[in-house]
Amino acid sequence: ALASGGGELRAFIVVVDRMIALFLACVGRTAGIGPVLSELFTCSGHELYTCFFDLPELAYTCETPPELPHAPDAAIDRLVRRARVLPPGRGLVPLGLLYEQTDELGMPDLGVVIGGGEAGAAACSGFIALAPNFAVVREFSEALRRDPGAPGWSEGQQEAARRDAAGAPELAPEPHLPLRKVLIVGFRPATIALCEALLLAEPDADILVLVATEAERRAALDRINVHRDMVERHLLRGYHGALVPRPEGDFAYQHQDGGPALGRVQLVVGDATSPLQLVDLPGEFGHVSEFDLVYILSSAAQDSDARGAQTLMTLDALLSRSENAAPNLRVVAELVDAELAHRLRQRYAALGVSRVQVYSTENLRAYFLFQSVLIPGFSRVYGQLLAPWGHSFARVLAHGRGRGACTFQALSVHVAAAGHGALIGVELDGEAGGVELHLGTGPASADGRIDLSRLRAAWVVAPDPAERRQAARTTA
């Protein structure tokens, strides 16, 4: 990608395919995340922004960077307290910090700390925030620099916020969707990143990768072997491990930090467009209705979209007769053509089918490239938030009806105090039916106050449960 800023032209690499793989893993395991990601990626509301204090090639730099505590937890706490006193319409939600680091080869690298943690000896070089536009972020950064001692959110305001949100309903994290049996139709290099994310999220996952020909299978095996070699030589950033062969002829996932190998991945030849194949899948996987999740991936082949759409239609015919036998099955389909993907989404919406999600790689590539130009460090930030490591997006469900109303800031205090993470948005029962999503603020029609009787769920950024499980396995 190329972009101009600060009078200079800058070029940088965006590993779009890996970002698409993490996106697919996220929508496959997190119920209801689609509308949240749609708003974040399409400039239709609030977005995540990175603010670097002193990066010469960017349009905005601080002459004197703001003074923040060295410890990430304390630095984020200060940012949050300053942000909570911002007036309506100028508010933002600080989520993390940026650090200049070096990688294993001594090359400059970007460190991202979301939600606190360790940052090493490096000084903070910026922050990450959810905001309606970058002007709000820049104004906040300048206020930090000009008046470092300005009063932030006080203990009195904290207590008042707790009282304001006292009528909130009981909140509980929504479990991630099951991933015990996963079918992936098609293979391209990003499929390896998808398998890694799924196996880290569900260590006991059984994944069947179905390719159309023996030639495709051999090419996929070669790619898996090359990828494993590059990971072992530390030539690939962002990956946490690799697929390793097992005596049975399939693969398991081995984390680079050690611990037991995870899950199972089988790579076999089969025709996913055939109903006879989907009712008797290879490797004793059985009927497709017994799966938790089916991915239909696009490829560079000319007939990719035709085969993908045909596979969807075959699944429709089978599942319409097996609805009761497949209560948890979800389908995530990836097509190249944006118009075809849009028509299929409209078709499933008209039929009231929520288990099928269809995305266009053409659109996803455009979104990710645009966001990478607009938001420096985009891939590092979302490379954590979309994946089952570090901090991730999560939904916290409301149980029962709340009472009264409160501000977004007050609800964020309530959510954080309950240990659910950093509040980024709310889902409310729509006044005309359906669900209203509000990121970074409450409804504009109610001066930003949230009717707690309509609160259905809260969206947060919180430590991913898979990260804690992996740490426990490695320690053991």
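Two strands count as paired here if DSSP finds at least two bridges between them. Keep that in mind as you click through this predicted model.

**Stop 1: the middle strand.** Select residues 251-255, which make up strand E11. Of its 5 residues, 4 are buried, so E11 is largely enclosed by the rest of the structure.

**Stop 2: E10 next door.** Now add residues 241-245, strand E10. E10 and E11 run antiparallel and are joined by 5 bridges. To see one pairing, pick Ala242: its bridge partner in E11 is Gln254. Then follow the chain around the turn, where 5 residues separate the two strands of this hairpin. Stop at Gly249 in that turn, with its positive phi of about 95°.

**Stop 3: E12 on the way out.** Select residues 262-269 for strand E12, which is antiparallel to E11 and joined to it by 2 bridges. Show Phe251 and Val265 together, since Val265 in E12 is what Phe251 stands opposite. E11 and E12 make a hairpin too, with 6 residues between them. In this turn, go to Gly258, where phi is positive at about 95°.

**Stop 4: two loop residues.** Most residues other than glycine have a negative phi. Which way does His234 go? Its phi is positive, about 60°, and it is not a glycine. You'll find His234 in the loop between helix H7 (214-232) and E10.

Finish at Glu284, another non-glycine with a positive phi of about 60°. Look for Glu284 in the loop that links helix H8 (275-278) and strand E13 (293-296). Is Glu284 buried or exposed? The cut-off for exposed is over 50% relative accessible area, so at 81% Glu284 counts as exposed.

Terms used. Residues numbered from 1 in each chain as written. Predicted model: local features only at pLDDT ≥ 70, side-chain atom pairs only at ≥ 80, totals over all residues. Heavy atoms only, no water. Buried < 20%, exposed > 50% of the residue type's maximum accessible area, 1.4 Å probe, protein only.
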